[in-house]
Amino acid sequence: MQRGPELVRATYEAADYTRFVGQAHSFPGYPAAVGGPARHGDPDKEEFFTWLEPDEDEQIPLTNFVHITAYEETGTGIGATLCSYNLHAAPGTNLSVEGLNVAFQVELERTTDHPGQPSVPDADAAERDARAHRVPTWNVFEGWKITKLRYLRRLNGDVIPQGCTDWWQQQFPAFAPNASGHLVPPAGFEPPTMPVAVQYPEWIGPANSE
């Protein structure tokens, strides 16, 4: 994976992980990259993505699907929007597919001339790689700081990129936009379920490459 998209992905995953385990147990290097806990109402960083202590919510078995779009790169920074939804392992309510509108804005700035070490590409989505780990074993964020990590909210005037809508529509062709612009399911829709999938891409560290 190219370094920029990998950093965007790592930021999203580390932030989501932090909600359940706290900064100290999230990805190596994430606490320094994201900074201390964000204040409530910070316009650039969601507070719960920077918690020092884990949330009390229990993570239910699910598979999270994420798409990177609106990717931009400058000489000193990168930015992108990530759209997502999830499928649960067990039947029941799944708010993530009741109205497809969950998108995140991520931006990072370079702090050194060294871009850090990229992972080894994961070549097979269906199989586990013996070299891989659930989270990186090295500091993915070396030489970078996270400057923006926030939900896009239409009610606040944020615009969700067309790339998100196109991707959601591809995943759920029967969905249609409502008055708010959210893609919503047809009448009688039952949220699909699936067993928890093998993580893809898996994190294969540069120190383990052959």
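Which residue forms a salt bridge with Asp158? Look for Arg150: the closest N and O atoms of Asp158 and Arg150 are 2.7 Å apart. Keep in mind as you turn the structure around that this is a predicted model. Asp158 has a relative accessibility of 18%, and because buried means under 20%, Asp158 counts as buried. Arg150 is buried too, with a relative accessible area of 14%.

That salt bridge has company, since the structure holds nine of them. Head to helix H1 for another one, where Arg3 pairs up with Glu6. Here the closest N and O atoms are 3.1 Å apart. The two residues sit three positions from each other in the helix, which is about one turn. Arg3 counts as buried at 14% relative accessibility, and Glu6 is buried as well, at 0%.

Now try a salt bridge that reaches across the chain. The side chains of Glu46 and Arg153 meet with an N to O distance of 3.0 Å. This pair links distant parts of the chain, with the two positions 107 residues apart. Glu46 belongs to the loop between H2 and strand E1 (62-73), while Arg153 belongs to the loop between strand E5 (144-151) and helix H3 (162-171). What about their surroundings? Glu46 is buried, at 9% relative accessibility, whereas Arg153 comes out as partly exposed, at 33%.

Next, the aromatic rings. There are 16 aromatic pairs to find here. Take Tyr17 and Phe27: their ring centres are 6.3 Å apart and their planes meet at 65 degrees, and because an angle over 60 counts as edge-to-face, that is what we call this pair. Tyr17 is in helix H1 (residues 3-21), and Phe27 is in the loop between H1 and helix H2 (30-34), 10 residues away along the chain. With 25% relative accessibility, Tyr17 counts as partly exposed, but Phe27, at 1%, counts as buried.

Phe48 and Trp51 make an edge-to-face pair as well, with 6.3 Å from centre to centre and 65 degrees between the planes. Phe48 is partly exposed, with a relative accessible area of 22%, and Trp51 is also partly exposed, at 28%. Both of these residues are part of one aromatic cluster, which also takes in Tyr12, Phe49, Phe104 and Tyr151.

Rings can have charges sitting over them, too. Find Arg9 and you'll see its charged end over the ring of Trp203, 4.0 Å from the ring centre. Tyr17, which you met a moment ago, has a charged partner of this kind: Arg134 lies over its face, at 5.3 Å from the ring centre.

Last stop: how many disulfides does a search of the whole structure find? The search turns up one. A disulfide is a covalent bond between the sulfur atoms of two cysteines. In this model the disulfide joins Cys83 to Cys164, with 2.0 Å from S to S. The torsion about the S-S bond of Cys83 and Cys164 is about -80 degrees, so this disulfide is left-handed. Cys83 lies in strand E2 (residues 77-88) and Cys164 in helix H3, so the bond links distant parts of the chain, 81 residues apart. Both Cys83 and Cys164 are buried.

How values were computed. Residues are numbered from 1 along each chain as its sequence is written. This is a predicted model: local features need pLDDT of at least 70, side-chain atom pairs count only at pLDDT 80 or more; totals for chains, interfaces and linings use all residues. Side-chain values use heavy atoms; hydrogens and water are left out. Rings of Phe, Tyr and Trp (its six-membered ring) pair if their centres lie within 6.5 Å; planes under 30 degrees apart count as stacked, over 60 as edge-to-face and the rest as tilted. Helices (H or I, at least four residues) and strands (E, at least two) are DSSP runs, numbered from the N terminus. Buried means under 20% relative accessible area, exposed over 50%, partly exposed in between (1.4 Å probe, protein chains only). A charge sits over a ring if NZ of Lys or CZ of Arg is within 6 Å of the ring centre and within 35 degrees of the ring normal. A salt bridge is a side-chain nitrogen of Lys or Arg within 4 Å of a carboxyl oxygen of Asp or Glu. A disulfide is a pair of cysteine sulfur atoms within 2.5 Å.
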